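Here are a few exercises to work through with the model open beside you. Try each task before you read its solution.

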Amino acid sequence: MCGIVGIVGTKPVAGRLVDALRRLEYRGYDSAGVATIHDGVLDRRRAEGKLFNLEKRLDAEPLAGVTGIAHTRWATHGVPNETNAHPHFVEGVAVVHNGIIENFSELREELKAEGREFSTQTDTEVVAHLLAKYVRQGLDPRAAMLKMLNRVSGAYALVVMFQNDPDRLMAARSGPPLAIGFGAGEMFLGSDAIALAPFTNEITYLVDGDCAIVTRDNATILDFQGREVSRPRQISQATAYVVDKGNHRHFMEKEIYEQPEVISHALSQYVDFVSQKVRPVASEIDFAKVSSLAISACGTAYLAGLIGKYWFERYARLPVEIDVASEFRYREMPLLPTQAALFISQSGETADTLASLRYCKENGLKIGAVVNVRESTIARESDAVFPIMAGPEIGVASTKAFTCQLAVLASLAIGAGKARGTVSPEDEQALVRHLVEMPRIMARVLNIIQPQMESLSRELSKFNDVLYLGRGTSFPLAMEGALKLKEISYIHAEGYAAGELKHGPIALIDENMPVIVIAPYDRFFDKTVSNMQEVAARGGRIIFITDEAGAAASTLPTMATITLPNVDEIIAPMIFSLPIQLLAYHTAVFMGTDVDQPRNLAKSVTVE
Ligand code: G6P
């Protein structure tokens, strides 16, 4: 995602702008650029690819100037080449932008009809043209900025530099974050506090609808009508990095996109990437000796456990008892000390899960905790802790914690299989190799499916009920898909085992209830397609989430087909999690719900 930096300084800024861009690299980007004003003239250097390329350009052709702006671009409109890289220049106006100008095509047509020529494929260029047009009409930069802000719509953070106004930067926010940093005789702008960290820790976050005029020693904040507003100045904490939404509109979106990175951290604890073997697991639980495994958890963590059950049983031939913790704790299930118990919890504080853990402990079972928060009560009371390393998860609807839980459970199941002699060294290597490839595949999938998920969500938001179907590990995933959708979009959704369709939910099928079928081309594919046929025969609309082989094998008409790469069965649940997360996310965004804090839900449920 794009990163923005600006400095109104007293000493040369180009090098410092690039340093600040480096701190924004974690967002991901595919080109970068920097622009300054020197001797009343705008100049810029831009480069495709990594910052290293931009630095080479700057070494060869340095940029002087004490006022400047810089940008890392994550391409949305237009390919990631140097022409489309920001800053964009039009007649003495320089613009960097993060977000999407939604009415750019009509503005572009209007400006073209007035004889303006566009040199990039970006949506951002219309902002520069509008500003240049207003300056040409005689407006000062402030008035031009306000007039432009009243013409564009969409999600944006903007920083603008005017050639004839070298001692000020203008900024605006409507969606993506933007912070003003207060220095000594210098002022800064940045996408987040971390970008500005070495310059200052005195920060003012703009809110949506703010326009800022930043000089060397002050910042004035206006609404888009030009009325002055006041925003608090705060001292940014060291923790700003971890609780910052970055350039995302919501924590949930940020957390979805963090998955490739956090999953590799998680995996690196459990598998050796070089030898392609699982690392030895905590010795407190001897998977070779346990007679069976009891798993318990709540919500999304429970559904991760349900997928884990398939893996422990298949790969380690280890029988698994699993139940939601609120039932488990009261079921008076007979337990044997030869069993081990696994509790899965992002927070490590969920009351029912903790109570189930204590019940097992009283019965003499060895306890393992798959947790995100290592200092949590559940972790403290367990014999073995299996951290999922997802980093803080802020969005109430769990995303990255879920896939990290899965990555850890898959690694543990392979390890258990190895210990029990049911996974051969060759199988171990093959399975681990698939796990190791997973982060790269996830990053690719996130990249390719995003536009389709967004447009499909608009369709989905028209319905009141949705049915999710899947078989094998895709069955718990179907339940997770339904859970995500209902949690944040408030659309009624159910997840069913595809084979159960004819035992009830088929009665509900008509054109008003889309059926989302999760079906990788696996051992169950043909059976799931038969269930799809039953849906199609009753006029049901199908959203088909499959892989390339599955898409090629099915000829059934669908409302949409989401085609993912072909992947091995062991990583399919993590890869197929991505479209269901994005579908829920974009549907909720489209419906305007409070995505990160959905009504009535809590992130950590510490009461029964
Ligand atoms: C709440 C959250 C869910 C979570 C569940 C279990 O319902 O909203 O996202 O899956 O609690 O929480 P835990 O922290 O134990 O994983």
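**Exercise 1. Which residues form one aromatic cluster?**

Solution. Before starting, note that this is a predicted model: local features need pLDDT of at least 70 and side-chain atom pairs count only at pLDDT 80 or more, while totals for chains, interfaces and linings use all residues. Residues are numbered from 1 along each chain as its sequence is written, and side-chain values use heavy atoms, with hydrogens and water left out.

Step 1. Apply the ring rule: rings of Phe, Tyr and Trp (its six-membered ring) pair if their centres lie within 6.5 Å, and planes under 30 degrees apart count as stacked, over 60 as edge-to-face and the rest as tilted.

Step 2. Read off the cluster, which is made of Tyr521, Phe525 and Phe544.

**Exercise 2. Describe the aromatic pair of phenylalanine 328 and phenylalanine 343, then classify the pair of tyrosine 521 and phenylalanine 525.**

Solution. Step 1. The structure has five aromatic pairs. In one of them, phenylalanine 328 and phenylalanine 343 meet edge-to-face, at 6.3 Å centre to centre with 85 degrees between the planes.

Step 2. Place the partners: phenylalanine 328 belongs to helix α11 (residues 325-328) and phenylalanine 343 to strand β20 (residues 340-345), so this pair links distant parts of the chain, 15 residues apart. Helices (H or I, at least four residues) and strands (E, at least two) are DSSP runs, numbered from the N terminus.

Step 3. Check accessibility, where buried means under 20% relative accessible area, exposed over 50% and partly exposed in between (1.4 Å probe, protein chains only). Phenylalanine 328 is buried at 0%, and phenylalanine 343 is buried at 0% as well.

Step 4. For tyrosine 521 and phenylalanine 525, the ring centres are 4.9 Å apart and the planes stand at 55 degrees, so this pair is tilted. Tyrosine 521 is partly exposed at 46%, whereas phenylalanine 525 is buried at 2%.

**Exercise 3. Which residues line the largest cavity?**

Solution. Step 1. Set the terms. On a 1 Å grid over the protein atoms alone, a cavity is a set of points where a 1.4 Å probe fits but cannot get out, and lining residues have an atom within 4 Å of a point. Grid points are joined across faces, edges and corners, and a volume is the space filled by probe spheres set on the points.

Step 2. There are two cavities of 30 Å³ or more, and the largest has a volume of about 40 Å³.

Step 3. Its lining consists of Thr473, Ser474, Leu477, Pro520, Asp522, Glu569, Ala572 and Pro573. Two or more of these residues come from each of α16 (474-489) and α19 (572-591).

Step 4. Sort this lining by character: four nonpolar, two polar and two charged. Here Ala, Val, Leu, Ile, Met, Phe, Trp, Tyr, Cys and Pro count as nonpolar, Asp, Glu, Lys and Arg as charged, and the others, Gly among them, as polar.

**Exercise 4. Which elements each supply at least two residues of the lining of the second largest cavity?**

Solution. Step 1. The second largest cavity holds about 30 Å³ of space. Among its lining residues are Arg471, Ser474, Pro520, Asp522 and Phe525.

Step 2. The elements are β25 (515-519) and α17 (525-536).

Step 3. This lining divides into five nonpolar, two polar and two charged residues.

Definitions and conventions:
1 Å grid on protein atoms, 1.4 Å probe; cavity = no way out; pocket = protein on both sides within 12 Å on 5 of 7 lines; lining within 4 Å.
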